Amino acid sequence: MDAERLIAAGRVALARSGAALDVVAEAWQAQALAQAIGDQLALYGPKELRTEARDLAETGARGGALPEHPSLRDGGIRAARLTTVTDARSALTGLGMLLGEAGIALVSVACGTDEEGLYWQCIEAIDAADESNDRVHGMLRQLTARDEIRERDVEKEKEMG
C-alpha cells in the first residue's frame, strides 16, 4: 500500500481514538510508519535524502511499542503494509502532519491522566514523535533546496541558450 494511503488511515484512526491507550497505540502506529517510510526512502528515495531517511527509520524504531494493545492485534501494524513511497514530498508532508497530530493527542492524554505510568509513556511518545517530526522537516527542507538548485540551473540554461 502507498505511504499516503497509510498516513490517511493513521490520521483517521487517531482522530477516532477515544480512550487514552488507543491514542498511545495510534502514536506508536505513527512511529512505526515513520520507520517504514524512512526505510523505503533510504533504499529507493532521492539520493540526497538517504542519510536522513536512515536517521528517520532509526528514530521511528525508538518510538516505543505497545504490541499487546488490542487495536494492534485486531488490525495489525499498518506500517507493515507499506509497499511504496510514490511521492517523497507528499508522503513526508503527510507524515509530518500525522506526527504533529499524534503529539497533540498525546499531550491531551498526558494532561488528563492521574496514572503516572501512562503519563510517562505519553511523555516518551511525545519526545519520539517530536524527534521524528524534526527529521521529516529536515528532509522536506532538503527537497526544497534540491528543487531550488534545479530551478536555478534551468534558468541559467535558458539564459545561455
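Here is a short back-and-forth about this predicted model.

Reader: Let's start with the sulfurs. How many disulfides does the structure hold?

Author: Take Cys-111, whose nearest cysteine sulfur belongs to Cys-122 and is 9.3 Å away. A disulfide needs the two sulfur atoms within 2.5 Å, so this pair doesn't qualify. The count of disulfides in the structure is 0.

Reader: And is Cys-122 buried or exposed?

Author: Buried means under 20% relative accessible area. Cys-111 is exposed, at 68%. Cys-122, on the other hand, has a relative accessibility of 0%, so Cys-122 is buried.

Reader: Any enclosed voids? What is the volume of the largest cavity?

Author: Rolling a probe the size of a water molecule over the atoms shows where empty space is left. With a threshold of 30 Å³ or more, the structure holds 1 cavity. The volume of the largest cavity is about 40 Å³.

Reader: Which element gives the most residues to the lining of that largest cavity?

Author: The lining is made up of Leu-6, Gly-10, Glu-26, Gln-29, Ala-30, Leu-33, Arg-78 and Leu-98. Two elements give two or more residues to it, helix H1 (3-16) and helix H2 (20-44). With 4 residues, the top contributor is H2.

Reader: How many residues of that lining are charged?

Author: Glu-26 and Arg-78 both appear in the lining, and Asp, Glu, Lys and Arg are the types that count as charged. The rest of the lining splits into 4 nonpolar and 2 polar residues, which leaves the charged count at 2.

Reader: Arg-78 caught my eye there. Is Arg-78 buried or exposed?

Author: Arg-78 sits in the loop between helix H4 (70-75) and helix H5 (88-112). Leaving out neighbours within four places in sequence, its contacts are Leu-6, Ala-9, Gly-10, Ala-13, Glu-26 and Gln-29. The cut-off for buried is under 20%. Arg-78 has a relative accessible area of 15%, so Arg-78 is buried.

Reader: On to the packing. Which element gives the largest share of the largest nonpolar core?

Author: That core has 42 residues, and Ile-37, Leu-41, Leu-92, Leu-95 and Leu-106 touch the most other members. The elements giving two or more residues to this core are H1, H2, helix H3 (50-61), H5 and H6. The largest share, 12 residues, comes from H2.

Reader: Which residues is Leu-92 in contact with, sequence neighbours aside?

Author: Leu-92 is among the core members that touch the most others. Once the residues within four places in sequence are set aside, Leu-92 is in contact with Leu-41, Leu-49, Leu-56, Val-136, Met-139, Leu-140 and Leu-143.

Reader: What about Ile-37: how far apart are the C-alpha atoms of Ile-37 and Asp-55?

Author: Ile-37 belongs to helix H2, and it is buried at 0% relative accessibility. Skipping residues up to four places away in sequence, Ile-37 touches Ala-3, Ile-7, Leu-82, Val-85 and Leu-95. Asp-55 is 18 residues away along the chain, and the separation of the two C-alpha atoms is 11 Å.

Reader: Last one. Is Ser-132 buried or exposed?

Author: Ser-132 lies in helix H6 (residues 116-160). Not counting residues up to four places away in sequence, Ser-132 touches Gln-31, Ala-34, Leu-56, Thr-59, Gly-60 and Leu-99. Its relative accessibility is 0%, so Ser-132 counts as buried.

Terms used
Residues numbered from 1 in each chain as written. Predicted model: local features only at pLDDT ≥ 70, side-chain atom pairs only at ≥ 80, totals over all residues. Heavy atoms only, no water. Buried < 20%, exposed > 50% of the residue type's maximum accessible area, 1.4 Å probe, protein only. 1 Å grid on protein atoms, 1.4 Å probe; cavity = no way out; pocket = protein on both sides within 12 Å on 5 of 7 lines; lining within 4 Å. Points joined across faces, edges and corners; volume = space filled by probe spheres on them. Contact = heavy atoms within 4.5 Å. Core = buried A, V, L, I, M, F, W, Y, C linked by side-chain atoms within 4.5 Å.
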